[in-house]
Amino acid sequence: DRWFFHFTDNYGHKTFDEKRYRWLILIRNDKIVFATKEFTTSQEDWRMDPSINEKTPFRFVIKGKHGDDRLQLVAQGDHIVDSLDVFGELPLYVKKVAQRFLNRPVYFRLNSTVTGKLYLKGESIPFKALGMSGSVYFK
């Protein structure tokens, strides 16, 4: 079996519509076996990333539900693949303007192992996948 997992959770800025756009999907081989907009996430196992001098979470715990079906998983990062302090990439004059309107955005991605259980139609299905996890947060 090959498993693929993806989720996103985005918020619109208050000057626009402030809507929250979110989804979570789990694919087994070539079929979507679980999809929902109802899920919770938590970030754990915070470690220092020397490239941006910030702590980043290495573990994401995600729980989702859709009707009677449920999904529980942990994405455990083993090393940082990419990180970026967005303000660090801006020219000084743009950075000074951006800092007046935005908190400091920090982006990172981790090479991760995803393990979990899918509770589908009364059946418990364990799974394991390799992939990426990551986040953007604002200091």
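This is a short talk on the fold, the aromatic pairs, one arginine and the nonpolar core of the chain shown above.

What you have on the screen is a predicted model. I will start with the overall layout. The protein chain has one helix and eight strands. Read from the N terminus, the order is β-β-β-β-β-β-α-β-β, so the helix falls between strand 6 and strand 7. The chain has 139 residues, and 32% of them count as buried. About 9,400 Å² of the chain is exposed, with 53% of that supplied by carbon and sulfur atoms. As for contacts, take those between residues at least 6 apart in sequence: 50% of them join residues at least 24 apart.

Now the aromatic rings. The count is three aromatic pairs. One of them is Phe7 with Phe39: the ring centres are 5.8 Å apart and the planes stand at 75 degrees, which is over the 60 degrees needed, so this pair is edge-to-face. Phe7 belongs to strand 1, residues 3–11, and Phe39 to strand 4, residues 39–49, so the pair links parts of the chain that are 32 residues apart. Are these two residues buried or exposed? Phe39 is buried, at 6% relative accessible area, while Phe7 is partly exposed, at 24%. The cut-off for buried is under 20%, and that is why the two residues get separate labels. Ring pairs also bring in Phe5, giving a cluster of Phe5, Phe7 and Phe39.

Phe39 has a charged partner as well. The charged end of Arg22 sits over the Phe39 ring, 3.9 Å from the ring centre. Arg22 is in strand 2, residues 20–28, and with a relative accessibility of 16% it counts as buried. What does the side chain of Arg22 reach on the backbone? One contact is with the backbone oxygen of Phe39, at 3.0 Å. Another is with the backbone oxygen of Lys37, which lies 3.0 Å from a polar atom of the Arg22 side chain. If we leave aside neighbours within four places in sequence, Arg22 is in contact with Thr8, Asp9, Lys37, Glu38 and Phe39. A second arginine placed over a ring is Arg70, which lies over the face of Tyr119 at 4.3 Å from the ring centre.

Next, the core. The largest nonpolar core contains 20 residues, and Leu26, Leu71, Leu118 and Phe127 have the most contacts inside it. Strands 1, 2, 5, 6, 7 and 8 each give two or more residues to this core. Which strand gives the most? Strand 7 does, with five residues. Leu71 can serve as the example here: not counting residues up to four places away in sequence, Leu71 touches ten residues listed by position, among them Phe5, Leu24, Leu26, Ile62, Leu118 and Phe127. Phe5, then, appears both in the ring cluster and among the contacts of Leu71.

Last, one residue in strand 6, residues 69–85: Asp82. At 30% relative accessibility, Asp82 counts as partly exposed. Its contacts, apart from neighbours within four places in sequence, are Tyr107, Phe108 and Arg109. Asp82 and Phe108 are 26 residues apart along the chain, yet their C-alpha atoms are separated by 5.5 Å.

Definitions and conventions
Residues numbered from 1 in each chain as written. Predicted model: local features only at pLDDT ≥ 70, side-chain atom pairs only at ≥ 80, totals over all residues. Heavy atoms only, no water. Phe/Tyr/Trp six-rings, centres within 6.5 Å; stacked < 30°, edge-to-face > 60°. Helix = DSSP H or I, 4+ residues; strand = E, 2+ residues; numbered from the N terminus. Buried < 20%, exposed > 50% of the residue type's maximum accessible area, 1.4 Å probe, protein only. Lys NZ or Arg CZ within 6 Å of the ring centre and 35° of its normal. Polar contact = N/O pair within 3.5 Å; in protein donor to acceptor, adjacent residues only side chain to side chain. Contact = heavy atoms within 4.5 Å. Areas by Shrake-Rupley, 256 points an atom, 1.4 Å probe, with all protein chains shown as cover. Core = buried A, V, L, I, M, F, W, Y, C linked by side-chain atoms within 4.5 Å.
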